[in-house]
Amino acid sequence: MKKLTELFAEKQRTISFEFFPPKTEKGMAKLYDTADVLAEKADFFNVTYGAGGSSSKATFDIVVELQKRFALPVVHHFTCVQHTYDDIHKALEQFKAADITNILALLGDPPADNPDYKPGPDEPKFAYELIKMIREHGDFFCAGAPGFPEGHPDTPTKELDSEYLKIKQDAGAEVVFTQLFFDNDIYYEFRDRVRAEGVTMRLLPGMLTITNYPKLIEFCNTCGATIPQSVTDIFEPIADDPDATYKRGIEFAVEQCQDLWDNDVPGLHFYCLNKTEPVMTVYNALKL
Ligand SMILES: Cc1cc2nc3c(=O)[nH]c(=O)nc-3n(C[C@H](O)[C@H](O)[C@H](O)COP(=O)(O)OP(=O)(O)OC[C@H]3O[C@@H](n4cnc5c(N)ncnc54)[C@H](O)[C@@H]3O)c2cc1C
């Protein structure tokens, strides 16, 4: 399967959509129905990996199936948490055998049932170790890294965060997928800061359409993304009106994506939450 680096050599800008592994058969059917619609617009897909490896089989199976059905590259998210070096070697061999060539290398969050989890001596401590392990397979894989435009919540400063991203690039990472953000100046500041650090990788902005304000607050509290005052001002007064939130969510996302596109981003990466709408409405409204 084509690596993202090969795709990037052909295309200056990409459109991609991210799925998560559903827990039910109904959810699985919906994911493939959604992918069927989005595949027309997509250059590639991503599939996330449940905390602590909880979805390892499901993620793998979905990546294999999506690549088979749509002949598009699918990025397999993979995390270190609760995986020994040996587990990781075995997983990489399994990916190779299944022609999975794109991996987003993450440390991962602690599992829900073990929030105080600390890596053991035979487990990686940082994601750059995973990137190095991926690179030991030569050019077979393209490795990606997450980017935190506001800095990773546990990293003391943004500057240190940029240095850690450069370490990942030096270890062999070739593309960055960003955490969500709702103020484009946060992305532009991140781009300038990491470029000054020597990071040359494509920085694909992660886009989420707001359709449920209370859930957004909950999610941003866990991932450390700021909800700007402009977003609060729009969505708080209509938080208990789903139709009004949906309408304003679309408008906001279109405006945000268009501004990014007009400011030379290398693509748009949509967190579609396994749904065709609202992402298609946003996509169709954009002048790309
Ligand atoms: C785009 C995106 C996709 C995601 N997908 C998933 C997913 O599918 N499954 C999942 O479980 N989670 C996912 N996450 C969540 C992610 O795993 C967590 O946010 C995790 O905390 C990210 O850590 P990291 O991969 O950057 O790890 P690391 O780079 O290892 O960072 C972890 C901590 O170590 C510190 N650190 C990093 N490098 C160094 C260094 N060289 N020296 C010293 N300290 C260092 C950092 O400051 C940070 O505090 C995703 C996040 C993003 C942004």
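These notebook entries record what I looked up in a predicted model.

**Ground rules.** I worked from a predicted model in which local features need pLDDT of at least 70 and side-chain atom pairs count only at pLDDT 80 or more, whereas totals for chains, interfaces and linings use all residues. Residues are numbered from 1 along each chain as its sequence is written, and side-chain values use heavy atoms, with hydrogens and water left out.

**Entry 1, the ligand.** I began with the shell around the ligand, where a residue is near if one of its heavy atoms lies within 4 Å, and found 25 residues, the closest being Tyr49, Leu107, Ala127, Thr155 and Lys168. I then looked up polar contacts to the ligand, that is, pairs of N or O atoms within 3.5 Å. A polar backbone atom of Tyr49 is 2.6 Å from a nitrogen atom of the ligand, and a backbone N or O atom of Leu107 lies 2.8 Å from a ligand oxygen atom. The side chain of His77 has an N or O atom 3.0 Å from an oxygen atom of the ligand. Taken alone, the ligand exposes 970 Å², of which the protein buries 85%, the areas coming from the Shrake-Rupley method with a 1.4 Å probe.

The elements giving two or more residues to this shell are β3, β4 (102-106), α5 (127-135), α6 (158-171) and β6 (173-178); helices (H or I, at least four residues) and strands (E, at least two) are DSSP runs numbered from the N terminus. Helix α6 supplies the largest share, 3 residues. By class I noted 14 nonpolar, 8 polar and 3 charged residues in the shell, counting Ala, Val, Leu, Ile, Met, Phe, Trp, Tyr, Cys and Pro as nonpolar, Asp, Glu, Lys and Arg as charged, and the others, Gly among them, as polar.

**Entry 2, a pocket and a cavity.** Both were sought on a 1 Å grid over the protein atoms alone: a cavity is a set of points where a 1.4 Å probe fits but cannot get out, a pocket is an open set with protein on both sides within 12 Å along at least five of seven lines, and lining residues have an atom within 4 Å of a point. A volume is the space filled by probe spheres set on the points, which are joined across faces, edges and corners.

The second largest pocket has a volume of about 180 Å³ and is lined by 13 residues, with Tyr49, Ser56, Phe78, Ala91 and Gln94 nearest its centre. Helix α4 gives the largest share of that lining, 5 residues.

The whole structure holds 1 cavity of 30 Å³ or more, and the largest cavity has a volume of about 60 Å³. Its lining includes Phe148, Pro153, Phe181 and Cys223, and divides into 8 nonpolar, 3 polar and 1 charged residues. I checked Pro153, which lies in the loop between β5 (142-147) and α6 and counts as partly exposed because its relative accessibility is 48%, where buried means under 20%, exposed over 50% and partly exposed in between (1.4 Å probe, protein chains only).

**Entry 3, backbone details.** I found a cis peptide bond joining Glu277 and Pro278, with omega of about 10°. Although not a glycine, Gln82 has a positive phi of about 65°; Gln82 sits in the loop between β3 and α4. Asp99, likewise not a glycine, has a positive phi of about 60° and is found in the loop between α4 and β4.

How values were computed
Polar contact = N/O pair within 3.5 Å; in protein donor to acceptor, adjacent residues only side chain to side chain.
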